[in-house]
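Biologist: Could you take one part of this model and walk me through it closely? I'd like to hear how the helices there pack, and what the rest of the chain looks like around them.

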Amino acid sequence: SCTLHSDSIPHRHCTTRHATGRMSVRIDRDLKQYAARNNRLERQAVRLDGNGNDEMWDKFEEEMETNKELSKGLLARLKNLPNDPKKAAMTKTFKSEYQKFQRIVNKVHKRGGGMGESVGNVGVDSDHPSQEQLRLAEVKRDEELAKKQAKVRQLNQDVADLADMFKDVAALVDQQQETVDQIAINVEKTKANTQNAAQELHQADQYLNAARKRWLCIGIILAIILIIIAVVVGVTVRNNGN
């Protein structure tokens with residue numbers, strides 16, 4: 001129960017446990033949202049298929065940036081989550097979804113690696129364009145090329161960022177595995193100690209039963225001796241009286 005006085009240690013333990021529970025619920029909810037965003041991002045990547053227009057690329061990049069920030073938030077909250085029964089399972093789920101996120105971005109990166117090489121022809125409104133129209137068309141083509149090259153550079157940076165972040169994810173998973181392994185070891189030790197304790201209690205019970213039997217035998221013998229003494233004394237007294 002958590003209805004103790006506010007300055008009591010048990011109450012503070014209850015407060016910590018409730019805070020950990022709330023954090024765990026939030027992480028679980030964010031993991032579901034993260035998985036849903038990954039699925040949406042995967043569908044967008046399929047539609048791109050190396051031929052997406054600027055609007056599709058912008059939408060993909062926006063969704064990807066949102067997922068990056070969500071990845072950072074989840075990683076930080078999992079690191080700060082105290083020992084919780086669900087922590088190891090949630091960490092593994094996060095690693096799996098993060099790897100899926102990486103695969104999606106890497107796949108798009110490979111397909112879109114050449115999207116900055118060409119922007120196609122930028123048309124003009126006349127069959128006989130003037131020098132000014134040609135110049136403006138060239139400027140527009142250069143701007144489009146620069147935008148696509150910037151997107152390629154950003155995609156390269158995103159791939160590198162995800163690779164760096166994965167090191168932290170893998171380290172967190174390893175740390176949780178160590179915790180799980182230690183718990184398993186402690187469980188085995190507790191089981192062995194319990195078995196030893198049960199065996200010692202059984203031996204103690206046997207010793208106690210044996211001691212009881214010895215004392216019972218001693219009591220019977222003493223009773224017999226007392227009876228014999230009483231009989232002898234009685235007979236002696238009677239003989240002396242006669």
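Modeller: Let's go straight to helix α2, residues 54-80, and helix α3, residues 87-111: in this predicted model their axes come within 11 Å and cross at roughly 155°. An angle over 145 degrees counts as roughly antiparallel, so α2 is roughly antiparallel to α3. As for handedness, the α2 and α3 crossing is left-handed.

Now for who touches whom. On the α2 side, the contact is made by Trp57, Phe60, Met64, Asn67, Lys68, Ser71, Leu74, Leu75, Leu78 and Lys79. Facing them, α3 brings in Lys87, Met90, Thr91, Phe94, Tyr98, Phe101, Ile104, Val105 and Val108. Sort the residues of that α2 and α3 contact by type and you get 13 nonpolar, 3 polar and 3 charged.

Stepping back to the chain these two belong to, there are 4 helices and 0 strands, so to speak an α-α-α-α pattern when you read along the sequence. The protein chain has 242 residues, and 26% of them count as buried. Take the contacts between residues at least 6 apart in sequence, and 78% of those join residues at least 24 apart.

How far to trust it? The chain averages a pLDDT of 76, with 72% of the residues scoring at least 70. Go easy on residues 113-122, though: the pLDDT there is below 50, and that stretch still has 20 contacts in the model beyond near neighbours in sequence.

Notes: Residues are numbered from 1 along each chain as its sequence is written. This is a predicted model: local features need pLDDT of at least 70, side-chain atom pairs count only at pLDDT 80 or more; totals for chains, interfaces and linings use all residues. Side-chain values use heavy atoms; hydrogens and water are left out. pLDDT is the predictor's confidence in each residue, from 0 to 100. Contact means heavy atoms within 4.5 Å. Axes are lines fitted to C-alpha atoms, for helices over the stretch in contact, and angles run from 0 to 180 degrees between N-to-C directions. Angles under 35 degrees count as roughly parallel, over 145 as roughly antiparallel, 65 to 115 as roughly perpendicular and the rest as oblique. A crossing is left-handed if the near helix is turned anticlockwise from the far one by less than a right angle, and right-handed if clockwise. Ala, Val, Leu, Ile, Met, Phe, Trp, Tyr, Cys and Pro count as nonpolar, Asp, Glu, Lys and Arg as charged, and the others, Gly among them, as polar. Buried means under 20% relative accessible area, exposed over 50%, partly exposed in between (1.4 Å probe, protein chains only).
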